[in-house]
Amino acid sequence: MKPVVTPQEKSLELLFEIGCEEIPAGLLPKAEEELRINLEKLLAAEDLSRNVAVETFSAPRRLTAWVRGLPVKQADLELEVSGPPKSVAYDAVGAPTRAALSFAEKQGVPVSALYLTQAAKGEYLAAKQVKVGRTTEQILHAILPRAVHDLTWPRSMTWTGLEGPRFIRPIRWVVAVLDGKPLKLTVAGIAAGNATRGHRFLGSASIRVRNFLDYEKKLHANGVIVRSTRRQEKIGRELEAFAKRGGYRIHEDSDLRKLVAYLNEYPTVIQGNFDPSFLSLPDEILITVMRDHQKYFAVEKKNGELAAQFLAVINSDKDARGMIRAGHERVLRARFADARFFWESDQKCRLADYLPKLERVTYESRLGSYRDKVERIRDSARWLTEQWFNLGVHQARVAEADRSAELAKCDLATEMVREFPELQGIVGGLYARAQGESDEIADAVYDHYRPVGLDDPLPRNLTGCAVALADKLDSVVGCLAVGIVPTGSSDPYALRRASLGIVKIILEKKLPVSLSLAIGAAGKALLTHKPKRGVTPDQESKILDFILDRARFVFREKEQFAYDEVAAVFRAGADDLVDTQKRLLALRAIRKSRNFAPLAVSFKRIRKILEKAGVTPGADGRVNPELFESPAERELHSAAHAAASKVQSFKRGGKYQEALEVIAGLRPVVDRFFDGVLVMTEKEEVRKNRLALLAQLLGEFTTIADFSEIGGEERLA
Amino acid sequence: MKVKVKLEGKRPGLTFQDLILELSRFWVKQGCVLQQPYDVEVGAGTMHPETFFRVLGPQHYRVGFVQPSRRPADGRYGENPNRLYKHTQFQVILKPSPVDVQELYLKSLGALGIDLKKHDIRFEEDNWESPTLGAWGIGWQVLLDGLEITQFTYFQQSGGMDLDPVSVELTYGLERICAFLQNVESVYALRWSVDKTYGDIRLAEEQQLSEYSFDGSDAAAIRSEFELHEQQAKELLEGFKGAEGKSRERYPLLAAYDHCLKCSHLFNLLDARGVISTTERAALMARVRTLACRTATSYLQQRGGSETALGVRA
């Protein structure tokens, strides 16, 4: 098939708009993007996308597409239809037979238009057919409803009944105009037309439009800014203007800027004030109320202190009489008054007094209450700090870790956290500080939920790290022990996030932690305190694997180690993540050296030989030099012996790269061994001796990284 | 705490009772039946049988009513200017949902004297759910200058049943709207009538019922009441299975529902008393939900053939 070249005199422009009741602001950016992708795909499938530009826009009550460069119609396609073979189509004198005549008739062409074409099995009669392209208008009737229908939403609804359309919110109008002409199509049971609607209160409810630019201009006059980028710019300009005039600066919040741009069709910034006496409340609480609950921007003075003003974004062009401002101020006042009430009433007793109340807050039915969890966290936090202290981390203080763990969850029983759950930990830290606990303890309580994500900050001090680790270990060990295993996207106890937190804290703070011992300690706490459950060795190793899985992810994705490097180093053990990281760095440094790759191949060969012979690397097979038959064996044995002691001493000093260089230096003797020695020889004694030599070699020289994992099929890029 | 309010001659904004009258008048003009509050304790207007049952099944229906709603845990001994043990909702059910329902709703605000052009009105995503009723919907909270004044919901399920056609539920928070209209800071300062304040009428009730639900109630007794009501609801629902003919038509499923509502309120009392853990909380809610869902299913079976709801001929 090839397109028939017909000069297309002009290109068409499409304006398409789905008018809705207010779509949730958080979903608009993705919907806008998805609508563009859907249109591009559907146009491409119809061969209409060659010079086409698709742009999409959205505002709370509309999703809009602007498509330029559409052809008037699809290109005509020339097809070749083949008929009977030449031998059947023509008689002896070359005249067309009945078969040829009826083929011509069937194809609706004169016999003279038939021609012969060469196919694999010989020559055949053929006819040309032209498939006339459909008009773009016809095609749009089918694909525009489809582009809308194919949008995905986290939770759609029906507004008429079960048989009715489904969408994120009810669709109320549709605009579809192709080069000034309204298209006759239906979306969600609504006939398209050329009339859009303006802002609910600033514009007309019916505005006729001819094309996108006309639409954009008229909507602007009717209180709707179609492009979110323009809305965000308007918000930005006005925020800056207020900041300049007021001599303060915006408490920066790019997520909020984006959100308010999608919450309003005509955003306008207004300034409100609040009673400065509320500034005695902690900034965290004031900002949470303003930001999360009211979607206001907090502002701060030059010295970084919060100012008694806020900036709100309204969906209107002005607040001429200050009535809107007064309303927002009143709402904020009530919210702040509530927060102050909680701040004061919560602190009528001390933070520690909330501990007994945690008995009523269930963590998980089989793992008991938060009161039980606290006791377990205390044990593990004490154990961790003790370990650290004994390993020479002198600022590790057991008593402070214990106190912080005791207080860490108390805020869950306070009114403030009940009202503002996103402030858990933070509220506890603030109360602890206000009640005279040391900075170390208050910060530890404040920080112990950190890190929440891959880029979230870590706890600021060592005590906070101990409590954070103890809390996360308890969650992972406890949940996995009772059979709560994350699957796919379901991870209700956020165990993957907890494991990631464990890995990040250990790695980035360079803490000496044996993961298996730490899991053991958390398991012991689970047995000592309620629910007094044992963790089996098998479960412990599964838990370790679960955490190491996150560690592999961090090393690969965040630290950019190659797949096989991580595999090689983890095969040699990864119980101590800081040490693991050192070994990874050494491996990465040395793998480019001359000897490395061939040696890796040899090690792979050794592993295969041993596996085949059923010998475990490092197994206690004695090597008997008496049984050596060739010099290559003797050479390898003595070279390995000499290298082993050097490697040992480098390893002890943490000099992994030097140790790896020594191992890589074995390459020539290993090569000579394989060149001159047949391992699987007939004589059993000799064979066993050779296998023992290789087992020793592999066992001794793969404790930093197992080279046999390097390269090969599994290696990515 | 004593709340003193000085009344100044003529102040702008509707009184609390005029607000109710205006909303009633507006929705009656839109073809709503004006119903009365339900006489069993409920936590929200949705629990009124005029909502719970009417949204089920195919019959078209429009109704509006005031519903005082008890939320024991929200009580503040009459000392907090915004939080109440019992607040007042005005609820409207429009079945099926009209295409211009948002415009109708906005017109109702206009009827209360709110000049929409001079305010910041916003529909912000808020999907509503009542786990004890097995009900949920999709919609918004309506914000007036940042103040949440209405819950606007396209009902998707009630009693665990998919709804067809879909009803719209509008729930106006009357105290908040009234405080906005009268521009007062404390709910107790609202003018209920020309010469009485909200505090005059309701403060004692807030004080006493907060006192009871936080400090005075007997948790053990409430637990056994819960069991009793649950038992009766179950027995009634069980009995419906065997009922036939005329006795099936007249079978008192509505009484089973009343017991279910009692359970819901008793659960709220236990919750306010702080005697239930999170796990038990979920378990108790599931028990109430089971009653509500079974009642809804039975109700539809009872009404099935005749295509009527609550005995109203279609």
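Which residue in the turn of the hairpin of strand 6 and strand 7 of chain B has a positive phi? I found B:Asp145, with a phi of about 50°, and two residues between the strands.

Before going on, I noted that this is a predicted model, in which local features need pLDDT of at least 70, side-chain atom pairs count only at pLDDT 80 or more, and totals for chains, interfaces and linings use all residues. Residues are numbered from 1 along each chain as its sequence is written, while chains are lettered from A and ligands numbered from 1 in the order in which they are written.

**Strand 7 of chain B**

I looked up the partners of strand 7 (strands are DSSP runs of E, at least two residues, and helices are runs of H or I, at least four, numbered from the N terminus; two strands pair if DSSP finds at least two bridges between them). Strand 6 runs antiparallel to strand 7, with nine bridges; B:Trp136 has B:Gln157 as its bridge partner. Strand 9 (residues 168-173) is also antiparallel to strand 7, over five bridges, and there B:Tyr154 is matched with B:Val168. Strand 8 (residues 161-162) adds two antiparallel bridges. In the hairpin of strands 7 and 8, I noted B:Gly159 with a positive phi near 55°.

I then checked burial (20 or more other C-beta atoms within 10 Å of a residue's own, C-beta atoms being placed from the backbone). In strand 7, 10 of the 12 residues are buried.

**Contact with chain A**

I counted 29 residues of chain B in contact with 30 residues of chain A (C-beta atoms, placed from the backbone, within 7 Å). Elements giving two or more residues to this side of chain B include strand 6 (135-144) and strand 7 (147-158).

Key: Two residues are in contact if their C-beta atoms, placed from the backbone, lie within 7 Å.
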